[in-house]
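Student: I'd like to go through the sheet here and check what each label rests on. Can we start once the structure is up?

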Amino acid sequence: MRIVFLFCWVFLSGCAQLGYLGQAVNGQFRILTAREDVDALLKSEATDEQLKRQLELSQSIRQFAVEELGLGGTKSFTTYVDTGRQYVVTNVMATPEFSLQPVTWCFPIAGCVPYKGFFKSTMAISEYDRLQKKGYDVIRYGVPAYSTLGWFSDPLLNTFIHYPEQILVELIVHELAHSRIYVPNDSDFNEAFATTVERIGSMRWKQMRGAEWIQPDVVDDEILEMALSYREEFDTLYKGADGETLLRNKKSQLFAQMKSEYVQRFGHADQSGFFPWFFAQPLNNAHLNLLSTYHRLVPALETLYRQHNTIEDFYTAVEDLARLDKDARTQALQNLLP
């Protein structure tokens, strides 16, 4: 019962939404009660050898994150759960048809966030359909991992444990970073911080291990820069005085232009993963906000990191930003952008 109460208090806006509450509490409870100790799994002859190799790698990454990046203070990723699913939750994000201001859902502790997560994919589909019928631009996507912000010891999951080394480093570091610094009601700041630490950690891991990958990925960064520049164009468009019909036509043309530029500039590149999936979809405002939430402020925080001698000095500077009100923090980060 204590777990049920805490989950309701931390993540849900009261207990009125019984359907959403029920699936959320049940989903989190099932994960917490299914955790298996990683050390025990590594010693067991019944554990699959490939899984053992990935678990061993994950523990090396976790130790690196604690010792080199100062991301200790939690026992997260010392246990493992096979959820039996491809994704642990399905997220829904929504944005008005002619605005880039996302729909938000507010919960105690976590604050207001521009997404709603579902352990039951059928409920995510229903929420997606409901918002779409109300005229919102909507996106639905699977999530392999999430952070409970230190309230629980998050386990490794089958949804990501078999990722390639680089991506596993990035994911573990990203989720641990959320437990180090988190500001309620500012997802852009929180995700940009975790993404920045993820990129710092990936580079340090590469240097330590002599890994053969390029970080940051130059092509992905160029695609991201292009996409975010289009987001600025959409923002300008929506602030204009055009009627809805003309605005809708201009919006459609701008998304077509964005896709065309992607194909012309990057269609020949050897890509896999996020961006081919992203540009293969019928794009809308919610897609733009998904990119923005995780990446728009990363250049500012990377500039802040370069201004300090150690990762702890960087964290101190980020904590100073976290103590500002949201408008002042946003302005301070804007001043750091190239």
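Tutor: Sure. There's an open sheet of 3 strands in the order β6-β3-β7, with antiparallel pairing. β6 (116–118) and β7 are the edges: each has a single partner strand, so one side of each is left without a neighbour in the sheet. From one strand to the next the twist averages 25 degrees (axes are lines fitted to C-alpha atoms, and angles run from 0 to 180 degrees between N-to-C directions). Mind you, this is a predicted model: local features need pLDDT of at least 70, side-chain atom pairs count only at pLDDT 80 or more, and totals for chains, interfaces and linings use all residues. Residues are numbered from 1 along each chain as its sequence is written, and side-chain values use heavy atoms, with hydrogens and water left out.

Student: What makes β3 and β7 a pair?

Tutor: Strands (DSSP runs of E, at least two residues, numbered from the N terminus) pair if DSSP finds at least two bridges between them. Strand β3 (residues 89–95) and β7 are joined by 7 bridges and run antiparallel, so they pass that test. Among the partners, Met-93 bridges to Ile-139 and Thr-90 to Gly-142.

Student: Why is Thr-90 called buried?

Tutor: Buried means under 20% relative accessible area, exposed over 50%, partly exposed in between (1.4 Å probe, protein chains only). Thr-90 has 15% relative accessibility, so it counts as buried.

Student: What does Thr-90 touch, leaving out residues up to four places away in sequence?

Tutor: Contact means heavy atoms within 4.5 Å, and the residues touched by Thr-90 include Lys-116, Phe-118, Ala-124 and Tyr-141.

Student: How do you know that β7 is mostly covered?

Tutor: In strand β7 (residues 137–143), 5 of its 7 residues are buried.

Technical notes: Helices (H or I, at least four residues) and strands (E, at least two) are DSSP runs, numbered from the N terminus.
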